[in-house]
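Visitor: I should like to take a close look at a single part of this structure, namely its aromatic pairs and the helices connected with them. Please describe that part in one connected account.

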Amino acid sequence: MADVAVQLLSSPIDCKPKMSLSITTDLPMSSFPDYVDPFESSDDTMMNSPTALNPASRLVDKLKGDVSRHPSPQPTHVSYPLMAKTNGNGHRVLRSATVGYVAPEFKGKSEQMKQVKDIISKSGWIPEALIDAQIIWFYSELGIDDVYFQVENPGVIANHITSLYAAKVAAFSREDKREEIRLDMEAYDHAIYIDTSEPGKTVPGGPRYEHRLESKYLDGSDNSKRFRVETFRSPGVLGQKADSKATLRCYFVYQCQFVEPNADPKETRLEVISDRMFLTKATKNTKQIYQEIIELAVNRTGPVIEVFDIEDSREKRLVVAFRSRTARGLFSAMSDLYHYYGVTSSRKYVEQFSNGITVMSIYLRPAANLESKYPPIEQSIHQITKEISLLYCIPQNKFHHLFASGELSLQETTYAHCVWVFVQHFLNRLGSEYASLVAALDPKNNSHAEILSKMKKRLRTETFTPDYILEIINSHPGLVRALYASFAGVHLRVGPDFDRHCIAPTPAVEVLSDSRLQDRITKDVTNEHEEMVMTAFRVFNNAVLKTNYFTPTKVALSFRLDPSFLPQIEYPKRLYGMFLVITSESRGFHLRFKDIARGGIRIVKSRSKEAYSINARNLFDENYGLASTQQRKNKDIPEGGSKGVILLDPKQQDRHREAFEKYIDSILDLLLKAETPGIKNPVVDLYGKEEILFMGPDENTADLVDWATEHARLRGAPWWKSFFTGKSPKLGGIPHDAYGMTTLSVREYVKGIYRKLELDPSKVMKMQTGGPDGDLGSNEILLSDEKYTSIVDGSGVLVDPNGIDIEELRRLAKKRVMISQFDMSKLSPDGYRVLCEDTNVKLPNGEVINNGTAFRNTFHLRDTGLTTMFVPCGGRPESIDLVSVSKLIKDGKSTIPYIVEGANLFITQDAKLRLEAAGCVVYKDASANKGGVTSSSLEVLASLSFDDEGFVTNMCHDAQGNAPEFYKAYVKSVQEKICENARLEFEAIWREYEQTGTPRSILSDKLSLAITTLDEELQHSELWENEKIRRSVLADALPNLLIEKVGLDTIIARVPDPYLRSIFGSFLASRFVYEYGSSPSQFAFYDFMSRRMSKMQS
């Protein structure tokens, strides 16, 4: 056997190995972190499939070797030529002598080789006669540069050579004799991978080294550690047979050593932001290329892409720069992309820069070993550069394996991924059975209502899981292709200068009509569930009014949807507008009930897989509920209700900023005309009207509002000043928390109850959820004069029957910290604190609390006898629902006499009605929590009324933080308006309750509906057309300070007409309804307007 081995291995490249084994090195095993595959399906989808089918597609293991690679229709991705010298195709030409990197010569290489030989010889694993050949092969034939040999010690190198030899021997003993060698070594600060592969081919069943290195090194969450990558393909093939095709691919990963580790994000000087090894190895030409592309990348949200021709070579150099941490999985996905077009890489580099930019440089050439079914290299490169933008949006979509195997194109699989997300939210609908239940049962009957509530939750949970939907779609790639063709047939349009001759032939797929698609689906599917899922693709296609899917400068995928497909039994109030946004970190919606609408953008985080599963299932319904609440509480202001919710993916909980930025930028793609530099093709707009969205801060987005404002300005949005409210004062914002805007409204309702019932606040026992660390909670504490007996926040529960020390609470509120930092010496002997992490805590009354988190989550439902007034200022939606509300009702009477719902959706409507029936005085969120929206509306009005110069002078704080005098006075007038609107509505609800006995929670909705309905009618009435009436109403509705500063005529000229109509309608309608109630007589409005007309004439 030894003789045979000598004969086989005397020529080091002449081998046919297959090896997949753990490699032993001289580094301690503790330095190699365990590898966890980040792209396993079970990690990202939280629920099991109800079928016995395997979660992976039947097509995963098939490589379609005989399928021609064609792109689906996709418009040109614009390259950015940076110099005049090009090659007739927009690419600059690089002389081969100046290309890439030049490793510093390692002068000690010969001596090191001797040391390596001695170590190998002493180990005895390799026959003496073969040692020299193995060492020369490793040092000379694999394309490894001298940096590796300089940084590694001889023992490690000897170990690598021995391991590779062992792999060859093991491969020789295999029956299939496949040409595969694999070696991996992973340490905390560097790694090496060596693999065998055939150029231009993706191997789904391979070791996935590229996935591993990007998961552990490139995409890690530790910002303090950044890694650069170098990878080379050996020039020769393994084996000497004519049909030998496999070559070795080597990957080297090194931890970066930056010149300046904490560079400013806008810094672009290479000598400051570069890794020291890069500065040593990169040629002058490479540094110039990187310098120029980085200067572009720091001012871009998405990737910057350049292609260079290499002189006297078919090889191309592809350079991609983007913000680090914004495209998880892009490195390995890029390989699948160029393999799809029959292209391979000879070298690849990933360079990190301390300003937060990542640059990938890939040397591409045709894969000579492949058949001639692929497009010419020029067309392939052209298509690759276009599709990088789509790949950047979602580098690893759920159907990526179908793309890697050639079954579907990148566009088709990304489309399938987007519809997969859509189906999860809109296929789990309740159906006709639930409608029959609603008709058969009496929702006013508490027991019936409870049954309906439980049935709704169960039906939505148990119908279709994400894994089951995924399996069905995977089973029908042919249908996906046909449905994508229908989608692209509508939304793919190109500009007049579109470069048609560069597009490779598209697949021969007939674009079917909707009815023929329906027939095709019915024919292809095998059961009802499959038909429902694939029919949802048609619903999606028909609902899309416009999308940025085919614009080449996108960073996420956004879809403006027609919401008419939503079932009315579940969503009785029809949405006006609906956006769906899908990024590589998240998914999200933006919903609004009127054309002119405003609402906050919140980011939802999940502490566990289970929490994510629940949040994903409730995402749309929560968003709809929040927008609906916003619509009701926006009754006093011009804007209707809207809301945006972003749900972070399970493994992206630390990337809320990236998700938010992509969400905003992709929505802007659909709001702005296609005039942004780099976008040559227009968006197909089936909606056909200009849209403006007004947004604001919400959970986890308060610190991102300034970026959104600046970004809208940089993108050329004419309404950038009013795009976001809640921005910092330096940008003219009026921060709600600093001035207690939301709390002022809530306090008016609390004080109103005390006033009407003649209660002494100092004797009222108060419970509050949402602690001193939050906006609403902290300001409620600072403005309160009640006796706090309990507070619940994110850290736990704080209770004192004798009253929690108010001064200590105010200290926490001013510092914006949780009750976990409460000074426990300030509690009375009867007081206690239970934090979430606590276990087996004994309370003063002897009760033992086993789990602090469970105690925190349910404390507000306990009958403590310590609460007269409950003010929820924080907490998840539906914290009190129809089931749990029974814990607050004892012997038919509510254990809490008064509740003012400061937190949105904290109590479900049916639970509020149960509480009111049990004697509780409840004022719901849509009435109490409207101070913030009033402040935001007046902030928007100021930004629309001033020109840019006037806005900066009168509304923006200077560099030292000093506020203009107008700003100070305007903020005070905003606070007064908030209190006025809250008092008017409180009195209207109290008065109508006394007159009719109708529950206050219903009266709140009736008032909102009456105001918004009358508002819409007034906007299009003859009253608006009467200039005298119009100017009179606007003069009363607009702040006097603003009229005095800008002038009524100027305001009317500057503010968009739809917005002025909304001001007119909302002011008249709210004042009328607050005075005459939600069901006025038919002569009431005549009487109301007669008095206004008399006032105008006097």
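**Aromatic pairs and helix packing**

Guide: Tyr392 has a relative accessibility of 0% and therefore counts as buried, the cut-off being under 20%. This value, like those that follow, comes from a predicted model. The ring partner of Tyr392 is Phe322; the two ring centres lie 6.1 Å apart and the planes meet at 65°, so the pair is edge-to-face, a class that requires an angle over 60 degrees. The pair joins distant parts of the chain, since Phe322 belongs to strand S7 (residues 316–323) and Tyr392 to helix H12 (residues 377–393), with their positions 70 residues apart. Phe322 also counts as buried, because its relative accessibility is 5%. In total, the structure contains 56 aromatic pairs.

A further edge-to-face pair is formed by Phe422 and Phe540, with 5.2 Å from centre to centre and 65° between the planes. Here too distant parts of the chain are linked: Phe422 lies in helix H14 (residues 410–426) and Phe540 in helix H20, 118 residues apart. Phe422, at 2% relative accessibility, is therefore classed as buried. Phe540, at 0%, is likewise classed as buried.

Helix H20, which carries Phe540, also packs against another helix. H20 (residues 528–543) and H17 (residues 466–474) cross at an angle of about 80°, and their axes are 10 Å apart. The two helices are therefore roughly perpendicular to each other, as the range for that class is 65 to 115 degrees. On the H17 side, the contact involves Tyr468, Ile469, Ile472 and Ile473. On the H20 side, these residues meet His529, Glu530, Val533, Met534 and Phe537. By class, the contact of H17 with H20 comprises seven nonpolar residues, one polar residue and one charged residue. As general background, an α-helix has 3.6 residues a turn, so residues three or four places apart point the same way.

Helix H40 (residues 1057–1076) may be added to this account. Its 20 residues, at 1.5 Å a residue, should span 28 Å, and the end C-alpha atoms are 28 Å apart, so expectation and model agree. Of the 20 residues of H40, 16 are buried, so this helix is largely enclosed by the rest of the structure. H40 is followed by Gly1077, which has a positive phi, near 90°.

Note on methods: Residues numbered from 1 in each chain as written. Predicted model: local features only at pLDDT ≥ 70, side-chain atom pairs only at ≥ 80, totals over all residues. Heavy atoms only, no water. Axes fitted to C-alpha atoms, helices over the stretch in contact; angles between N-to-C directions. Helix = DSSP H or I, 4+ residues; strand = E, 2+ residues; numbered from the N terminus. Parallel < 35°, antiparallel > 145°, perpendicular 65-115°, else oblique. Contact = heavy atoms within 4.5 Å. Nonpolar A, V, L, I, M, F, W, Y, C, P; charged D, E, K, R; others polar. Expected span 1.5 Å × (residues − 1). Buried < 20%, exposed > 50% of the residue type's maximum accessible area, 1.4 Å probe, protein only. Phe/Tyr/Trp six-rings, centres within 6.5 Å; stacked < 30°, edge-to-face > 60°.
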